[in-house]
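Hi everyone, and thanks for making time today. I'd like to walk you through one structure, so let me put it on the screen.

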Amino acid sequence: DDTNAFEAAFNAARADEGTVIIPPASGYFKLTRQINVTPPGAGQIWIDVKAKGRAGEIRYSGPSNTAVFKIYGLKGALWEGLNVAIEGGRTNVAIFDITADNSRESSSFNTFKTFYLNLGNGQDNIGIRTGYQNTGPKDISNYTFENIAVFGGGNFDNNVVTTIPGQYAFQNLGDNTL
């Protein structure tokens, strides 16, 4: 379980507005609970992320009905090279859940680049969700999404496609989500 190491890296980057470097994995990294990318209290955070390695190197095996990365108040960041897969049996998981509330500043001017997102075989899994729990006047805006591949775990068998209900590559919800 690499969750504690990921939390420590994001906490250190949050403290000095730094960069999280995710090295190539020998196999893959395993996350068993949500990683919160949030400012301490009110305000915004500036955290860049650079991942190096092959597709599927981060696997989420935590509970259903949550996010892998929960993001509030992220500003002016560049995240690149993330390869994340939701393991089988999990439902209603968003790999990236970008939202806002009254206690933090807006999340804006961010770039997500060269992502490979595997939604697995669970219903209602989402690659990138914006504004899901947006409870206030703060906005989610000026995002750039570049070179992002998202796929689910449907099957193609005997010329029949079996899809999984509710899987979304991108889902845009909530007020002030532009």
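I'll go through the sheet, then the aromatic rings, then the salt bridges, and finish with a single threonine. Please keep in mind throughout that this is a predicted model.

Let's begin with the sheet. Five strands make up an open sheet, and their order is 3-6-9-11-15, with parallel pairing. At the edges sit strand 3 and strand 15, the latter covering 168-172, and each of them pairs on one side only. Going from one strand to the next, the twist averages 15°.

If you'd like a closer look at one of those pairings, take strand 11, residues 126-130, with strand 15: they pair in the parallel sense over four bridges. To find the register, look for I126, which stands opposite Y168 in strand 15.

There is a helix to add to this picture. Helix 1, residues 3-16, lies across strand 3 and strand 6, where strand 6 spans 66-72. Relative to strand 3, helix 1 runs at about 10°.

Now for the rings, and there is plenty to look at. How many aromatic pairs does a search of the whole structure find? The count is 15. Let me pick out two of them that share a residue.

The pair of W79 and F96 is edge-to-face, with 6.1 Å centre to centre and 70° between the planes. W79 belongs to strand 7, residues 78-80, and F96 to strand 9, residues 93-99, so this pair ties together parts that are 17 residues apart in sequence. Are these two buried or exposed? Both W79 and F96 are buried.

From F96 we can step on to F112. That pair is tilted, at 5.5 Å centre to centre and 55° between the planes. F112 lies in strand 10, residues 107-118, while F96 lies in strand 9, so here the parts tied together are 16 residues apart in sequence. Like F96, F112 is buried.

Those residues also turn up in a wider group. Ring pairs link F10, F69, W79, F96, F112, F115, Y143, F145 and F170 into a cluster.

Two arginines also come into the aromatic story. R59 lies over the face of Y28, at 3.9 Å from the ring centre. R129 does likewise with Y132, lying over the face of that ring at 3.8 Å from its centre. Hold on to R129, as we'll meet that residue again in a moment.

On to the salt bridges. The total comes to four, and I'll describe some of them.

One is between the side chains of E7 and R33, at 3.0 Å, N to O. This pair links distant parts of the chain: E7 is in helix 1, R33 is in the loop between strand 2 (29-31) and strand 3, and the two are 26 residues apart. E7 has a relative accessible area of 24%, which means partly exposed, and R33 counts as partly exposed too, at 33% relative accessibility.

Another joins the side chains of K50 and E80, at 3.6 Å, N to O. Again the pair links distant parts of the chain, with K50 in strand 4 and E80 in strand 7, 30 residues apart. The two ends have their own labels here: K50 is partly exposed at 33% relative accessibility, whereas E80 is buried, with a relative accessible area of 18%. Why does E80 get the label buried? The label applies because buried means under 20% relative accessible area.

And here is R129 again, in a salt bridge with D97, the closest N and O atoms being 3.1 Å apart. R129 is in strand 11 and D97 in strand 9, so to speak distant parts of the chain, 32 residues apart, linked by this pair. R129 counts as buried at 5% relative accessibility, and D97 counts as buried at 1%. Salt bridges with shared partners bring in K70 as well, joining K70, D97 and R129 into one network.

That brings me to the threonine. Where is T38? T38 is found in the loop between strand 3 (35-37) and strand 4 (48-51). At 13% relative accessibility, T38 counts as buried. Leaving out residues up to four places away in sequence, T38 touches R14, I45, K70, Y72 and R104. K70 in that list is the residue we just met in the salt-bridge network.

That's my tour, and I'm happy to turn the view around for anyone who wants another look.

Key: Residues are numbered from 1 along each chain as its sequence is written. This is a predicted model: local features need pLDDT of at least 70, side-chain atom pairs count only at pLDDT 80 or more; totals for chains, interfaces and linings use all residues. Side-chain values use heavy atoms; hydrogens and water are left out. Buried means under 20% relative accessible area, exposed over 50%, partly exposed in between (1.4 Å probe, protein chains only). Contact means heavy atoms within 4.5 Å. Rings of Phe, Tyr and Trp (its six-membered ring) pair if their centres lie within 6.5 Å; planes under 30 degrees apart count as stacked, over 60 as edge-to-face and the rest as tilted. A charge sits over a ring if NZ of Lys or CZ of Arg is within 6 Å of the ring centre and within 35 degrees of the ring normal. Two strands pair if DSSP finds at least two bridges between them. Axes are lines fitted to C-alpha atoms, for helices over the stretch in contact, and angles run from 0 to 180 degrees between N-to-C directions.
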